[in-house]
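Me: Please take a close look at one part of this structure and explain how it is built. I should also like to know how that part fits into the rest of the chain.

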Amino acid sequence: MRARRRRWVVLLALGLAASGIACGGSASGPEAAEAPARAAAPAPAPTEKPAARVAATASDDILSVLTVEHEVDVLAEEGGVVETILRDEGARVEKGAQLAQLDDRTLRAQLAHDQDDLVVAQDNVKYNQAELKAKQANYRRYQELRKMGLSSEADLEKAKFEAEGAQYDLDSWGAIVKRTESQIRIAELQLAKMTIRAPFDGVVARRYSRQGQALAKGDRCFRITQLRPLEVRFPVPETSRHTPRAGDRITVSLASDGSRVFAARVVRVGPVIDPASGSWDVLAELAGRLPEDLRPGMAVEVHWPPEPGPGRR
């Protein structure tokens with residue numbers, strides 16, 4: 001009995017040993033499924049530094065528009081009805097040229113009335129000057145008579161009162177003359193504002209008003225713009241390899257026709273960097289003789305960085 005049990009123990013041990021050998025020779029379970037996947041996965045490629053950013057900053061075309069320094073909307077300085085339109089869109093004008101005329105009949109009538117009042121006040125000044133002179137002489141005569149005892153104290157006081165009253169009347173009419181002269185100057189200024197004029201040499205770009213229209217003070221009437229010199233304003237990133245400076249020479253081409261290229265020169269660079277965009281504010285002026293069809297408002301491309309020059313890198 002014991003011999004049989006001992007034989008089963010030996011057989012069981014041999015079976016367990018054979019099972020252990022089989023397990024060590026080949027993998028099984030999840031590790032066996034993952035092993036082929038790990039073997040098939042390619043090795044990670046080495047990390048490379050991107051070169052696109054460097055290429056993008058080597059040469060940048062900045063979209064902008066042509067502008068001029070002087071371009072304004074001319075506003076009505078006084079309210080009134082447009083009586084006449086003297087210049088229309090496209091007309092070239094000089095500084096001070098009449099653009100339109102507002103109805104100024106009321107102001108002209110008021111000015112004539114003030115001028116008549118001034119004449120009356122000036123005549124009264126002359127009259128009171130003569131009256132003052134006579135009453136002052138009368139007062140001096142009564143002073144002499146009083147010294148000789150030929151006049152009473154009451155007569156002397158009356159002559160003094162009349163002389164002082166004449167002086168007050170003269171001063172009053174003198175003040176009226178000054179006030180009337182001021183009223184005339186105000187009426188003349190208001191009358192001048194009824195004529196709408198060009199503030200500088202240029203061209204009528206827009207006409208907002210029409211004949212018979214009632215304008216209020218501050219309403220737009222015309223837009224006047226210069227045609228030359230043409231300028232272009234554009235931002236230059238702080239990270240640009242070229243820091244903008246006055247005098248830099250650049251080229252500008254039309255956005256609609258890249259073959260039309262024009263020379264320009266940087267005339268002003270903003271003293272600070274805009275924190276919102278992180279860029280310099282640069283203003284350049286187109287140089288040389290420009291074609292007539294080149295006008296403010298056209299879209300252009302500014303080619304940056306500028307052409308290399310003496311002392312620049």
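**A close look at helix 4 and its surroundings**

Reply: Over residues 1-58, pLDDT stays under 50, and for this stretch the model has four contacts beyond four places in sequence. The structure is a predicted model, so a caution comes first: where pLDDT is low, the predicted coordinates should not be read in detail. Among the elements of the chain, helix 3 (residues 52-58) has the lowest mean pLDDT, 33, whereas strand 5 (residues 98-102) has the highest, 98. For the protein chain as a whole, the mean pLDDT is 84, with 79% of residues reaching 70 or more.

The chain contains five helices and 14 strands. The part chosen here is helix 4, which covers residues 105-148. How does the span of this helix compare with what its 44 residues should give? At 1.5 Å a residue, 64 Å is expected, and the C-alpha atoms at the two ends are 65 Å apart, which agrees.

The next point is which residues of helix 4 are hidden from the surface. Those that count as buried are L107, L111, D114, L118, A121, V125, N128, L132 and N138. Helix 5 is among what covers these buried residues. Across the protein chain, which has 313 residues, 27% count as buried.

Just after helix 4, G149 adopts a positive phi of about 75°. Helix 5 then occupies residues 153-193, and L156 has its place in this helix. Is L156 buried or exposed? Its relative accessibility is 12%, and buried means under 20%, so L156 counts as buried. Leaving out residues up to four places away in sequence, L156 touches Y139, Y142, Q143, R146 and S151. With one of these, Q143, the C-alpha separation is 6.5 Å, although the two residues are 13 apart along the chain.

Both helices also take part in a wider arrangement. The largest nonpolar core has 29 residues, of which V93, L99, I196, F222 and I224 touch the most other members. Strand 5, helix 4, helix 5 and strand 9 (220-225) each supply at least two residues of this core. There is a second, separate core of 21 residues, and V236, V252, A264 and L294 are among its members.

Strand 5 leads on to a sheet. Four strands form an open sheet in the order 6-5-3-8, and their pairing is antiparallel. Strand 6 (195-197) and strand 8 (214-215) lie at the edges; each has a single partner strand, so one side of each has no neighbour in the sheet. Strand 8 pairs with strand 3 (residues 80-85) in the antiparallel sense over two bridges. Within this region, V81 has A214 of strand 8 as its bridge partner.

For a site elsewhere in the chain, consider S253, which is found in strand 11 (residues 249-254). S253 has a relative accessible area of 1% and is therefore buried. The side chains of S253 and H303 are joined by a polar contact of 2.9 Å. Apart from neighbours within four places in sequence, the residues in contact with S253 are G258, R260, V261, V300, E301 and H303.

Finally, the contacts may be viewed over the chain as a whole. Among those between residues at least 6 apart in sequence, 75% join residues at least 24 apart.

Definitions and conventions
Residues numbered from 1 in each chain as written. Predicted model: local features only at pLDDT ≥ 70, side-chain atom pairs only at ≥ 80, totals over all residues. Heavy atoms only, no water. pLDDT = per-residue confidence, 0-100. Contact = heavy atoms within 4.5 Å. Buried < 20%, exposed > 50% of the residue type's maximum accessible area, 1.4 Å probe, protein only. Expected span 1.5 Å × (residues − 1). Core = buried A, V, L, I, M, F, W, Y, C linked by side-chain atoms within 4.5 Å. Pairing = 2+ DSSP bridges. Polar contact = N/O pair within 3.5 Å; in protein donor to acceptor, adjacent residues only side chain to side chain.
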